[in-house]
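Please look over the sequence and the model below before reading on. The report that follows takes up the pockets, then the nonpolar core, and then a few single residues.

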Amino acid sequence: MSTPASRLMGNPLFSRIYQDIWRPVFTRAFSHGSTETADYDKALRAYLSRPGERLVLDVACGPGNYTGQIADGLTGDGRVIGVDFSSAMLRTALATNRSPRAAYLRADAHVLPFPDNTFDQTLCLAALYLIPDPLPVLDEMVRVAAPGAEIVVFTSAAGPVSSIPGVGLFARIGGFRIFGVDEIIDRLHRNGVRHVEQSLIGEGQYVLGSKPD
Ligand SMILES: C[S@@+](CC[C@H](N)C(=O)[O-])C[C@H]1O[C@@H](n2cnc3c(N)ncnc32)[C@H](O)[C@@H]1O
């Protein structure tokens, strides 16, 4: 389904300004302009790019703004694969976040082209809210995660502003979904994900969990 937001994601010019201009502003917008989401994001980036030999899947990687940084931290045979279905975003990823330890692939997040139990970490950041049928994407992320693997999500959550009547409908017309505070964690629990930790900040949520061993 084409929405204003999905058309933006396919725009080559937007893919070029996304990492340095759009994403930092949008990240702060989640915490109403304060640095709270930006601070969490900084800590998350440091965590995701910690040194180690892992196989990581970055679902809906956009221009590779996390993929490239994760690749920089990997050691040995560690690899990260960024998946997106916007060819404009993937071209920008190759131009700006290329790394010997990163690979980019065009695919739909609903049908991840990987076997079960493959990755040590699967993440989907700032994307589920743009996907018309997002919860099956979580199922896929858990399916391809190896036993014990970590699942990491950043997305919207109904907060003080988005809970105002009419705001959700307005956002949805633009192609942006506002999740109920339990929707993501409930779906992860239904998939057997354990140790689910949710941090609600303003209009957003960071969720971490692990697939059972
Ligand atoms: C806002 S960007 C997020 C980029 C990056 N993950 C971040 O955190 O900044 C959202 C991305 O989701 C991608 N996307 C949306 N629906 C998708 C789907 N069904 N399968 C794969 N990628 C999708 C878009 O093409 C876009 O690049």
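## The largest pocket

In this predicted model, the largest pocket has a volume of about 720 Å³. It is lined by 37 residues, and those closest to its centre are M9, A126, A127, L130 and I131. Three elements give two or more residues to this lining, namely α1 (4-9), α2 (12-30) and β2 (79-84), and of these elements α1 gives the most, with 5 residues.

What kinds of residue make up the lining of the largest pocket, when they are divided into nonpolar, polar and charged? The lining holds 25 nonpolar residues, together with 8 polar and 4 charged ones.

## The second largest pocket

The second largest pocket has a volume of about 300 Å³, and 13 residues line it, with F26, V167, A171, F176 and I178 lying nearest its centre. Helix α2, which also gives residues to the lining of the largest pocket, supplies at least two residues here, as does α7 (167-174). The largest share of this second lining comes from α7, which provides 4 residues. Sorted by class, the lining of the second largest pocket consists of 9 nonpolar, 3 polar and 1 charged residues.

## The nonpolar core and the annotated region

The largest nonpolar core has 61 residues, and within it L57 and I184 touch the most other members. Strand β5, which covers residues 145-156, gives the most to this core, with 7 residues. When neighbours within four places in sequence are left aside, L57 is in contact with I81, V83, L112, F114, F119, Q121, T122, L123 and V144.

An unreviewed UniProt entry lists residues 57-152 under "domain: Methyltransferase type". In the model, the chain over residues 57-152 is 28% helix and 30% strand, and the C-alpha atoms at the two ends of this stretch are 10 Å apart.

## N65 and D20

N65 is found in the loop between β1 (55-59) and α4 (67-73). Is N65 buried or exposed? Its relative accessible area is 5%, and because buried means under 20%, N65 counts as buried. Apart from its neighbours within four places in sequence, N65 is in contact with Y18, Q19, R23, R45 and N97.

D20 lies in helix α2, and its C-alpha atom is separated by 9.1 Å from that of N65, although the two residues are 45 residues apart along the chain. D20 has a relative accessible area of 63%, and since exposed means over 50%, D20 counts as exposed, whereas N65 is buried.

## L90 in helix α5

L90 is found in helix α5, which is made up of residues 87-96. The relative accessibility of L90 is 8%, so this residue falls under the 20% limit and counts as buried.

Which residues does L90 touch, if residues up to four places away in sequence are not counted? They are C61, G62, D84, Y104, L105 and R106. One of these contacts, R106, can also be described by a distance between C-alpha atoms: L90 and R106 are 16 residues apart along the chain, and their C-alpha atoms are separated by 7.4 Å.

Key: Residues numbered from 1 in each chain as written. Predicted model: local features only at pLDDT ≥ 70, side-chain atom pairs only at ≥ 80, totals over all residues. Heavy atoms only, no water. 1 Å grid on protein atoms, 1.4 Å probe; cavity = no way out; pocket = protein on both sides within 12 Å on 5 of 7 lines; lining within 4 Å. Points joined across faces, edges and corners; volume = space filled by probe spheres on them. Nonpolar A, V, L, I, M, F, W, Y, C, P; charged D, E, K, R; others polar. Buried < 20%, exposed > 50% of the residue type's maximum accessible area, 1.4 Å probe, protein only. Contact = heavy atoms within 4.5 Å. Core = buried A, V, L, I, M, F, W, Y, C linked by side-chain atoms within 4.5 Å. UniProt positions renumbered as here; feature names shortened; annotations may be inferred.
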